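Open the model in your viewer and keep the selection tool ready. We will go stop by stop.

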Amino acid sequence: MKPLLLGGTDLTAAVAERMRKIGIPPIGVVHVGARFTISYEPAGVTNIRHVDLPAWCDAAGIPHQTYQNSKAVRSFAEALGADFCLAAGWFHMVPAELRAAFRRGTAGLHASLLPRLRGGAPLNWALLSGETETGISLFALGDGVDDGPLYGQERFPIGPRTTIGELVAAAEAGGLALVDRCLPGIAGGELRPRPQTGQPSYCLQRVPSDGWINWAESAERIDRLIRAVGRPYPGAFGYFEGRKLLIWSAEPAPASPTVLGAPGQLARVPDQQNPWVVTGHGCLILREVTDTQGTDALTLLRRSGNKRFDPMPLSSAAGTSVC
């Protein structure tokens, strides 16, 4: 099998290395950069998980090309003699006219247990929606959104304190396991994809401003948001005395003692080192907070009892998409 690899993230690099290890290396790589344009965001998106794939390809002696359009990808694939395509850490649709270039088919990795959570930001949405399990799927690409038949899936749990960084790592490990298990079978013609079964659900793309904390929400929902958009993503945030503060770690406070206040109001609780914030239901204990330069802001908040987080400035209501 002569696979072409499409991608632009840390997952793409890990998959490329694993393909070499199992003796089915990519014969070419098409990659996107740290920032690129896409149909749903003409102004451009930021590829948070970008890695230098051209450097990796050069070191490995593998031809590569920056993505321009599907016609250019097809020309590149045909020049290399590619007969299979794998998309891993890829953001663009792979249209039928491009898929037709690969006689062994076109497959993709999607970080959910398809048909659940088809679409954008599936790991983030799995945390935000309170899922207790998710996974990663290897499937044959078609004309729809993540609806093609499945080659295989890997499952992993979402615990009560799981973070997005932990889910990203679990999805990468699961993706590599699928490469190990499925690619040899696809290459040999023994593994055929099976239709997806079950009720599909869909998730939409997210932007950095979606990380704004609405303190009128419950402590449980705010905690999920903080864990769902933290590193490697831009982080959950609030404004305090005109400064944007990033809340990287927090947890719902115990029911006792009772603290009464307005949503977003800070409290110093006896025998508690860290500040509490009143929410629409319960309080949240802040564990790690920085300003946009990465400087610790917990000290500021510790001495700000009774003060309140600001409303979100209107100028920050929009944001460029993040992958």
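**Stop 1: strand β1.** Select residues 3-7. This is strand β1, and 5 of its 5 residues are buried. Remember as you go that the model is predicted. Now look at the two faces of β1. Pro3, Leu5 and Gly7 are buried on one side. Leu4 and Leu6 are buried on the other. Both faces of the strand are therefore covered, with buried meaning under 20% relative accessible area.

**Stop 2: the partners of β1.** Strands of a sheet pair through backbone hydrogen bonds, either parallel or antiparallel. Which way do β1 and β6 run? They run parallel, joined by 4 bridges. Select Pro3 and find Phe84 of β6 opposite. Next, add strand β2, residues 28-31. β1 pairs with β2 in the parallel sense, also over 4 bridges. Here Leu6 stands opposite Val30. Now show helix α1, residues 10-21. Together, β1, α1 and β2 make a right-handed β-α-β unit.

**Stop 3: Val29.** Stay in strand β2 and select Val29. Is Val29 buried or exposed? Val29 has a relative accessible area of 0%, so this residue is buried. Show what is around Val29. Setting aside neighbours within four places in sequence, Val29 is in contact with Leu4 and Leu5, and also with Cys57, Ile62, Pro63, His64, Gln65 and Phe76. Try a distance next: pick the C-alpha atoms of Val29 and Gly44. They are separated by 22 Å, with the two residues 15 apart along the chain.

**Stop 4: Asp83.** Select Asp83 in the loop between α3 (70-80) and β6 (84-87). Its relative accessibility is 8%, so Asp83 counts as buried. Which backbone nitrogen lies 2.7 Å from a polar atom of the Asp83 side chain? It is the one of Lys2. Now colour the residues that Asp83 touches, leaving out those up to four places away in sequence: Met1, Lys2, Pro3, Phe102, Arg103, Arg104 and Gly105.

**Stop 5: an open sheet.** Move along the chain and show five strands in the order β12-β13-β16-β15-β14. They form an open sheet, and the pairing is antiparallel. Which strands stand at the edges? They are β12 and β14 (266-267). Each has a single partner strand, so one side of each is left without a neighbour in the sheet. Zoom in on β12 and β13, which run antiparallel and are joined by 5 bridges. Select Ala236, and its bridge partner in β13 is Ile247. Then show helix α7. It lies across β12, β13 and β16, running at about 115 degrees to β13.

**Stop 6: the nonpolar cores.** Which members of the largest nonpolar core touch the most other members? Select Leu286 and Phe309, the answer among its 37 residues. Several elements each supply at least two residues of this core, including α6 (164-188), β13 (243-252) and β16 (283-291). α7 gives the most, with 5 residues.

Centre on Phe309. Apart from residues up to four places away in sequence, Phe309 touches Trp215, Gly238, Tyr239, Phe240, Leu245, Gly264, Leu266, Val277, Leu286 and Leu301. To finish, select Ala16, Ile24, Ile62 and Cys182. They are included in a second, separate core of 27 residues. You have met Ile62 already, in contact with Val29.

Conventions
Residues numbered from 1 in each chain as written. Predicted model: local features only at pLDDT ≥ 70, side-chain atom pairs only at ≥ 80, totals over all residues. Heavy atoms only, no water. Core = buried A, V, L, I, M, F, W, Y, C linked by side-chain atoms within 4.5 Å. Buried < 20%, exposed > 50% of the residue type's maximum accessible area, 1.4 Å probe, protein only. Contact = heavy atoms within 4.5 Å. Polar contact = N/O pair within 3.5 Å; in protein donor to acceptor, adjacent residues only side chain to side chain. Pairing = 2+ DSSP bridges. Axes fitted to C-alpha atoms, helices over the stretch in contact; angles between N-to-C directions. Right-handed = clockwise from strand over helix to strand, strands pointing away.
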